[in-house]
Structures are given as structure tokens and as C-alpha cells.
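Please find below some short comments on the model you sent round. They go from the chain as a whole to a few individual residues.

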Amino acid sequence: MHQLGLSAADVVALVHRETDTWTDKLETFVNANRHAGLDSERAQQLAMIQYLHEFSAALLEANNRKIAADLIRLGVLHGTISRGGEATF
């Protein structure tokens, strides 16, 4: 049986890539929240939620792209796979 979606290795690679930039992203969210008038503690709490939301959305998007590409390769969906490995319909 063919695995659909991201493998554990794919997820690890995405998480590893994220470790290089998470502090900058989190700091950007904190600064934006402080600029919006939140006190320091609330700005940090909201920033963590915003960061987790962004990362979760990116992970789900990557998984959905991989599922689409897998289904095209299996012939379930009709489309093509671009040179970069992305599924197009």
C-alpha cells in the first residue's frame, strides 16, 4: 500500500527547517502585538498562538500538496506534476 501525504521523515525535515527561523517569526508577532497596544505578557501569549497557527497551516498545506501529488501518481486524480514536484490540475 502506498502512503499518502507526508512521511515522518518529511515532517521531521519541515520541523528541522523551522528551527532556523522560529525565533525571528515569534519576535515579529510579539512586536506586532505590542505595537497593537497589548501589554507584554498578552503580546507574548498571542504571538505563540499566532506562530502555532501559522506553522500548523504550513504543515497542513504541505501535507495536502503531497496527498494531491501522491493521488496523481497513483492515477486517482487527473493532473500533472510540475518539475518542482507540485501537483497541478
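**Notes on the predicted model**

1. Read from the N terminus, the chain runs α-α-α-β-β. That is three helices and two strands, in a model that is predicted. The radius of gyration is 18 Å, whereas the globule rule gives 12 Å for 89 residues; the former is well over the latter, so the chain is more spread out than a compact globule.

2. The box filled by the C-alpha atoms, taken along the principal axes, is roughly 55 × 25 × 20 Å. Of the 89 residues, 21% count as buried. The accessible surface comes to about 6,500 Å², and carbon and sulfur atoms account for 60% of that surface.

3. On contacts, take the pairs of residues at least 6 apart in sequence: 41% of these contacts join residues at least 24 apart.

4. On charge, the chain carries 8 positive and 11 negative side chains. The centres of the two sets are 7 Å apart.

5. How many aromatic pairs does a search of the whole structure find? The search returns one. The partners are Tyr-51 and Phe-55, whose ring centres lie 6.5 Å apart; their planes are at 10°, so the pair is stacked. A centre distance of 6.5 Å sits at the cut-off for pairing, which is within 6.5 Å, while planes count as stacked when under 30 degrees apart.

6. Both aromatic residues belong to helix α3 (residues 40-74), where Tyr-51 and Phe-55 are four residues apart and thus separated by about one helical turn. Tyr-51 counts as buried, at 10% relative accessibility.

7. The same two residues appear again in the surroundings of Glu-18, a residue of helix α1 (residues 8-18). Leaving aside residues up to four places away in sequence, Glu-18 touches Lys-25, Tyr-51 and Phe-55. Is Glu-18 buried or exposed? Glu-18 is buried, because its relative accessible area is 13% and the cut-off for buried is under 20%.

8. Asn-33 is a further polar residue to look at. Asn-33 lies in helix α2 (residues 22-35) and is buried, with a relative accessible area of 6%. Which residues does Asn-33 touch, not counting those up to four places away in sequence? The list is Leu-38, Ala-43, Leu-46, Ala-47 and Gln-50.

Note on methods:
Residues numbered from 1 in each chain as written. Predicted model: local features only at pLDDT ≥ 70, side-chain atom pairs only at ≥ 80, totals over all residues. Heavy atoms only, no water. Rg over C-alpha atoms; globule rule 2.2 N^0.38 Å. Buried < 20%, exposed > 50% of the residue type's maximum accessible area, 1.4 Å probe, protein only. Contact = heavy atoms within 4.5 Å. Areas by Shrake-Rupley, 256 points an atom, 1.4 Å probe, with all protein chains shown as cover. Lys, Arg positive; Asp, Glu negative; His and termini not counted. Charge placed at Lys NZ, Arg CZ, Asp CG, Glu CD. Phe/Tyr/Trp six-rings, centres within 6.5 Å; stacked < 30°, edge-to-face > 60°.
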